[in-house]
Each structure stands twice: as C-alpha cells, then as structure tokens.
Amino acid sequence: MNIGDLARASGVSAKMIRYYEKIGLIPPADRTLSGYRNYCDNDVHTLRFIRRARDLGFTVEQMADLLALWRDRSRASSEVKKIALDQVALLERKAEELKAMSLTLKHLAAHCHGDARPDCPIIDDLADADNEPKSSPDPARFGRGGVDPVRAMRRSGESTR
C-alpha cells in the first residue's frame, strides 16, 4: 500500500508517517522502482500502536522504548509497567497544574468587574513583578513555575478555606 492508504488505515497522517521515518521511530519504507513508499499490514499495526501511545501522551522517546518492548517477545512486563506508571505520574502532575491554573483564572475573573473601567485584577496579576516564577528543573511543569491559586487568593485578601 502507498502512504495515503497507510495513513487512512492507521489513523496517522502521511506527514507524521514521514516524520516518524525521518527520526527513526519507524524504519524507512521500501520503495517501488518509481520511488514511491511501499507499506504492508505490519506497518499499519505499528502505526496504530504509535497513534495509541501518542494519544496517551507518551513522548517519542517513550514510544521508541515501548515499540522495542512490543517487538521483544522476551520482555519483562515490569519494564512496560514502569514506563506506564511514570506516564501516569506525569499526567497526574499536569492535571493538578491545569486545575491550579483553572482555579487561578476563575478567581481572577470572579474579581474582575468586566465593565468599561480600566481596573482589572487579571491584567494586574499578569503584570505583577512579584509574580516572577521560580525556574523549575521539572520538564513536566507548565511554564517555568506553574500557578499558585492560593497566593492569588491571599493577595486579594480572600480566605484559602
């Protein structure tokens, strides 16, 4: 099958298929005499695996590790489980950070009059020089330092409970 057929069968765009080949996540396709890529059913299964892993938020590096484990029939399931649980921890951290961002924005919006006056706690918070985030070594963080809704509530005098 050609790349268009593979894209339709796998749910992965032709552009992403070319990208995955370029970075070595999947091997380069065989070529016909006229230079067109030629794929088989195994390529469909591999790309569906990748698409599902991507849908679960795995990085390209993690997907490469998972593909290697998928192909290795003598693999230890503990290796797969560790990758999955590491991803769960990352997703839970991101979910907490998203919740904190949402709470902060809800708080700020609730305190904004939303009228013709120029005073706006949302703009004030964004411009607050004391709001400088601390750099975080954790690459899973959103932004450099995340969001602190409790600090925003304290700054406005609202109770944290």
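Here are some notes on this predicted model, taken point by point.

1. Overall layout. The protein has seven helices and two strands. Reading from the N terminus, the order of elements is α-α-β-β-α-α-α-α-α. Of the 161 residues in the protein, 24% are buried. As for the contacts with a separation of 6 or more, 52% are between residues 24 or more positions apart.

2. The core. The largest nonpolar core has 20 residues, and those touching the most other members are Ile-17, Tyr-20, Leu-47 and Ile-50. Two or more residues come from each of α1 (3-10), α2 (14-23), α3 (41-55) and α4 (60-71). As general background, nonpolar side chains in soluble globular proteins tend to be buried together.

3. Leu-47. I'd start any look at the core here, given its place in the list of residues that touch the most other members. Once residues up to four places away in sequence are set aside, Leu-47 touches Leu-6, Ser-10, Val-12, Ile-17, Tyr-20 and Ile-26. Ile-17 and Tyr-20 turn up again in the next point, on the packing of α2 with α3.

4. How α2 meets α3. The axes of these two helices are 12 Å apart and cross at an angle of about 95 degrees. That falls in the 65 to 115 degree range, so α2 and α3 count as roughly perpendicular to each other. On the α2 side the contact is made by Met-16, Ile-17 and Tyr-20, and on the α3 side by Leu-47, Ile-50 and Arg-54. By type, the residues of this contact are five nonpolar, no polar and one charged.

5. Ser-10, at the α1 side of things. Ser-10 sits in helix α1 and, with 1% relative accessibility, counts as buried. Beyond its neighbours within four places in sequence, Ser-10 is in contact with Ile-17, Val-44, Leu-47, Arg-48 and Arg-51. It's worth checking Ile-50 too: its C-alpha is 9.4 Å from that of Ser-10, with the two positions 40 residues apart along the chain.

6. Ser-13, in the loop. Ser-13 belongs to the loop between α1 and α2. Its relative accessibility is 38%, so Ser-13 counts as partly exposed. Leu-47 comes up here as well: Ser-13 and Leu-47 are 34 residues apart in sequence, with a C-alpha to C-alpha distance of 10.0 Å.

7. Aromatic pairs. The structure holds two of them. In one, Tyr-19 and Tyr-20 are 5.9 Å apart centre to centre with 50 degrees between the planes, a tilted arrangement. These sequence neighbours have their own burial states: Tyr-19 is partly exposed at 38% relative accessibility, whereas Tyr-20 is buried at 1%.

8. The other pair. Phe-49 and Trp-70 have ring centres 4.5 Å apart and planes at 15 degrees, so this pair is stacked. The two are 21 residues apart, Phe-49 in helix α3 and Trp-70 in helix α4, and the pair links distant parts of the chain. Phe-49 is partly exposed, with a relative accessible area of 22%. Trp-70 is partly exposed too, with a relative accessible area of 27%.

9. Thr-46. This residue is in helix α3 and is buried, its relative accessible area being 6%. Leaving aside neighbours within four places in sequence, Thr-46 is in contact with Ile-26, Leu-67, Trp-70 and Arg-71. Trp-70 is thus met in two settings: as a contact of Thr-46 and as the stacking partner of Phe-49.

10. Thr-32, between the strands. The loop between β1 (30-31) and β2 (37-38) is where Thr-32 lies. With 33% relative accessibility, Thr-32 counts as partly exposed. Asn-2 is 30 residues away in sequence, and the C-alpha atoms of Thr-32 and Asn-2 are 9.8 Å apart in space.

11. Cys-120, further along. Cys-120 is in the loop between α5 (77-110) and α6 (121-127). Is this loop residue buried or exposed? It is buried, because its relative accessible area is 15% and the cut-off is under 20%. Ala-109 is eleven residues from Cys-120 along the chain, with 8.9 Å between their C-alpha atoms.

Note on methods: Residues numbered from 1 in each chain as written. Predicted model: local features only at pLDDT ≥ 70, side-chain atom pairs only at ≥ 80, totals over all residues. Heavy atoms only, no water. Core = buried A, V, L, I, M, F, W, Y, C linked by side-chain atoms within 4.5 Å. Buried < 20%, exposed > 50% of the residue type's maximum accessible area, 1.4 Å probe, protein only. Helix = DSSP H or I, 4+ residues; strand = E, 2+ residues; numbered from the N terminus. Contact = heavy atoms within 4.5 Å. Axes fitted to C-alpha atoms, helices over the stretch in contact; angles between N-to-C directions. Parallel < 35°, antiparallel > 145°, perpendicular 65-115°, else oblique. Nonpolar A, V, L, I, M, F, W, Y, C, P; charged D, E, K, R; others polar. Phe/Tyr/Trp six-rings, centres within 6.5 Å; stacked < 30°, edge-to-face > 60°.
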